[in-house]
Amino acid sequence: MSETEGGTADAVSTPAYSSPAKSLGDPGITPLSPTHIAKDSDANDAVEQSFLVVVAIDFGTTSSGYAYSFTKEPECIHVMRRWEGGDPGVSNQKTPTTILLTPERKFHSFGYAARDFYHDLDPNESKHWLYFEKFKMKLHTTGNLTMETDLTAANGKKVKALEIFAYALQFFKEQALKELSDQAGSEFENSEVRWVITVPAIWKQPAKQFMRQAAYKAGMATPENPEQLIIALEPEAASIYCRKLRLHQMIDLSSKAPVNGYNASDTVGAGFTQAKEYIRRNRQSRTFLVENVIGEIWSELEEGDRYIVVDSGGGTVDLTVHQIRLPEGHLKELYKATGGPYGSVGVDYEFEKLLCKIFGEDFIEQFKIKRPAAWVDLMIAFESRKRAAAPDRTNPLNITLPFSFIDYYKKFRGHSVEHALRKSNVDFVKWSSQGMLRMSPDAMNALFKPTIDQIIQHLSDLFEKPEVTNVKFLFLVGGFAEAPLLQQAVQNAFGSKCRIIIPQDVGLTILKGAVLFGLDPAVIKVRRSPLTYGVGVLNRFVEGKHPPEKLLVKDGTRWCTDVFDKFISADQSVALGETVSRSYTPAKPSQLVIVINIYSSEQDNVSFITEPGVKKCGTLRLDLTGTDTLVPTRREIKTLMQFGDTEIKAMAIDVATSKSVKAGTERA
């Protein structure tokens with residue numbers, strides 16, 4: 001709800017009163033009980049068959065990638081072809097989530113290509129180019145996300161977030177279609193592809209809707225054909241993939257038996273190195289066979305068994321608790337996704353704080369603005385050393401300082417970087433004669449600590465919840481799950497409570513699961529509603545029950561305005577495809593335009609749409625002009641909310657004329 005709406009809500013009797021509730025509602029009709037509409041499975045199958053291929057895009061905070069599978073060969077998942085560029089010490093089949101726009105704000109490049117081109121620009125020229133990295137976090141941290149939300153480039157200039165996301169998705173769309181066309185030997189059409197985009201489960205509805213709008217802008221699907229695009233939740237995608245794991249495809253941190261031929265008594269780090277070698281040997285083949293069976297570990301799970309998926313990525317950590325439902329092994333979400341911005345970016349942030357402590361915040365801020373490309377270089381150097389951090393490491397880690405950092409610091413302060421290090425009280429970071437920062441392993445581990453502590457704390461809180469008793473497994477997935485320090489911390493804290501499992505190619509788990517989800521979206525059967533949803537209505541005013549400031553007198557009838565009529569409560573279980581319906585009638589029988597505003601709140605008990613935290617998330621506008629006048633005096637407007645894969649669809653129907661309208665995407 002915008003400020004102005006909130007402001008005018010109290011001006012009850014003035015003609016300018018613009019409560020969203022004023023044009024709907026009914027004094028006498030009570031909401032119908034929720035109705036379940038079974039999905040027509042035959043119709044559904046017909047839609048499924050029309051896509052030749054499913055392409056999933058894992059749009060990550062730090063790195064992104066895509067994978068695909070042909071619907072005729074669902075057991076083969078192909079991960080995108082290798083990219084140009086790449087970093088020493090970082091072997092991955094994903095590309096950095098970085099995007100470069102020309103000074104005219106046109107798309108130039110994405111990933112390694114964007115980064116390398118930006119880096120090679122002359123400093124005077126580079127300040128005119130717009131370079132973005134780690135921009136996905138903005139969707140999570142912006143409370144009032146809209147189509148107008150801005151993102152800030154490295155040079156301080158602002159661009160609409162929707163444009164950046166649409167450019168990025170369009171880039172992936174073109175890359176994937178090109179690869180598919182090359183493979184098929186003929187032009188591959190967008191209409192033959194079902195797209196799946198993964199998002200963190202803790203994202204709010206506006207962020208998911210935003211992602212869908214960006215995909216429409218990128219030409220992946222259209223509002224008229226929304227089924228072509230599925231927004232999948234990251235931990236659920238991971239969960240689907242984990243079900244297929246065979247013993248040779250994972251590392252069981254808690255097992256005493258050899259896994260992959262090594263003992264758990266070997267350190268976690270060593271086991272992981274072996275696993276990485278195994279992956280590297282198989283890297284040449286980008287096709288993964290997913291056997292159409294339930295993996296061995298999964299076969300140990302019985303009806304009602306619970307497990308946790310900890311999806312730790314670059315920007316966020318998502319925790320989801322699932323329960324197995326037999327016979328098909330469908331998943332039921334027991335505990336709605338929680339988590340927070342505790343991804344590996346937190347480690348980068350700690351490194352930046354350390355640099356500020358040594359060289360001064362004023363210098364670091366200036367350096368970022370004046371030498372943005374060199375700052376990016378420094379963070380790349382840190383990234384590859386960050387991946388070398390391990391609990392049992394004894395030798396120091398060297399981070400190369402770009403020449404322009406050393407040079408600019410001397411100009412800025414009048415003394416050398418070496419002098420700054422000696423003068424600062426940071427004794428675990430030294431200067432090496434080769435022009436490097438030399439960090440002791442303890443210093444590096446200290447940078448991980450705040451982020452890992454938050455993850456462990458969050459998990460500890462989760463284990464306290466009654467829904468989380470008797471958890472059998474904890475699956476650690478996502479890019480940050482590759483960090484031995486995080487693995488060890490999770491094992492130490494929770495190894496006695498449940499078995500901790502890490503899929504081998506952990507960074508690609510979500511991507512592969514998202515492909516499987518696109519091939520069979522019905523695998524997740526029950527979700528917890530993240531928010532309370534309802535509509536704004538008018539009710540007959542009852543003295544003593546309703547607050548006097550909510551009184552609205554209209555044509556001699558006393559109404560209570562701004563009432564929140566609840567469809568579903570936060571944390572309530574919702575079956576996939578379930579439809580909840582309510583009936584309303586216009587407060588004024590002659591009314592021909594009916595506006596129904598849909599609201600959401602994180603609170604469970606909401607009485608009025610003006611309460612703090614209530615946000616407008618959609619609008620249904622039903623225009624009944626020109627319809628037959630022989631309609632009943634008490635006109636019935638049926639409002640339906642369908643809880644779909646990861647979005648909620650709303651619809652209003654005028655029962656007398658069967659005129660209907662679907663939810664607009666106007667958002668808070």
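The exercises below, each with a worked solution, concern a predicted model of a protein chain.

**Exercise 1. Overall composition**

Determine how many helices and strands the protein chain has, what percentage of its residues is buried, and what percentage of the contacts join residues at least 24 apart.

Solution. Begin with the secondary structure: the protein chain holds 18 helices and 32 strands. Next, take burial: of its 668 residues, 54% are buried. Finally, consider the contacts between residues at least 6 apart in sequence; 72% of these join residues at least 24 apart.

**Exercise 2. Two helices and their spans**

Compare the end-to-end distance of helix α16 with the expected span, and do likewise for helix α6.

Solution. Helix α16 covers residues 441-464, which is 24 residues. The expected span at 1.5 Å a residue is 34 Å, and the end C-alpha atoms lie 33 Å apart, so the two values agree. A local feature of this helix should still be recorded: α16 bends by about 40° at Lys449, with Pro450 following within four residues.

Helix α6 also has 24 residues. From its first C-alpha to its last it reaches 34 Å, close to the expected 34 Å. Just after α6 comes Gly185, which has a positive phi of about 80°.

**Exercise 3. The nonpolar cores**

Identify the residues that touch the most other members of the largest nonpolar core, and state which helix gives the largest share of that core.

Solution. The largest nonpolar core has 134 residues. Those touching the most other members are Phe132, Ile308, Phe359, Leu459 and Leu474. The largest share of this core, 11 residues, is supplied by helix α6 (residues 161-184). A second, separate core has 25 residues, among them Leu531, Ile596, Ile598 and Ile637.

To look more closely at one member of the largest core, take Ile308. Beyond its neighbours within four places in sequence, Ile308 contacts Thr320 and Val321, and its partners also include Leu459, Leu462, Phe463, Phe473 and Leu474.

**Exercise 4. Strand β19 and its partners**

Establish which strands pair with β19, in which sense, and which residues stand opposite Arg438.

Solution. First, strand β17 (residues 397-400) is joined to β19 by four bridges, and the two run antiparallel. Here Asn398 stands opposite Arg438. Second, strand β18 (residues 429-432) pairs with β19 in the antiparallel sense, also over four bridges. On this side the bridge partner of Arg438 is Lys430.

Third, examine the hairpin of β18 and β19: three residues lie between the strands, and Gly435 takes a positive phi near 80°. Last, assign the faces. In a regular strand the side chains alternate between the two faces of the sheet. In β19 (residues 436-439), Leu437 and Met439 form the covered face, whereas Met436 and Arg438 form the uncovered one.

**Exercise 5. Positive phi outside glycine**

Arg105 and Asp562 each have a positive phi. State where each residue lies and whether it is buried or partly exposed.

Solution. The background is that most residues other than glycine have a negative phi. Arg105 has phi near 70°. Arg105 lies in the loop between β5 (98-101) and β6 (107-110), and its relative accessible area of 33% makes it partly exposed.

Asp562 has phi near 65°. Asp562 belongs to strand β25 (residues 557-568). Because its relative accessibility is 1%, under the 20% limit, Asp562 counts as buried.

**Exercise 6. Two residues of strand β30**

Contrast the accessibility of Thr639 with that of Gln642, and describe how each is placed relative to Val580.

Solution. Thr639 is in strand β30 (residues 637-643), and Gln642 is found in β30 too. Thr639 has 1% relative accessibility and therefore counts as buried. Gln642, with a relative accessible area of 26%, is partly exposed.

Leaving aside neighbours within four places in sequence, Thr639 contacts Val580, and its other partners include Phe567, Ser581, Tyr584, Ile596 and Met651. Gln642 and Val580 are 62 residues apart in sequence, yet their C-alpha atoms are 6.5 Å apart.

**Exercise 7. Cysteines**

State how many disulfides the model has, and whether Cys76 and Cys356 are buried or exposed.

Solution. Taking a disulfide as a pair of cysteine sulfur atoms within 2.5 Å, the count is zero. Cys76, at 11% relative accessibility, counts as buried. Cys356, at 16%, counts as buried also.

Terms used: Residues numbered from 1 in each chain as written. Heavy atoms only, no water. Buried < 20%, exposed > 50% of the residue type's maximum accessible area, 1.4 Å probe, protein only. Contact = heavy atoms within 4.5 Å. Expected span 1.5 Å × (residues − 1). Bend = angle between axes of the 7 residues up to and from the residue. Core = buried A, V, L, I, M, F, W, Y, C linked by side-chain atoms within 4.5 Å. Pairing = 2+ DSSP bridges.
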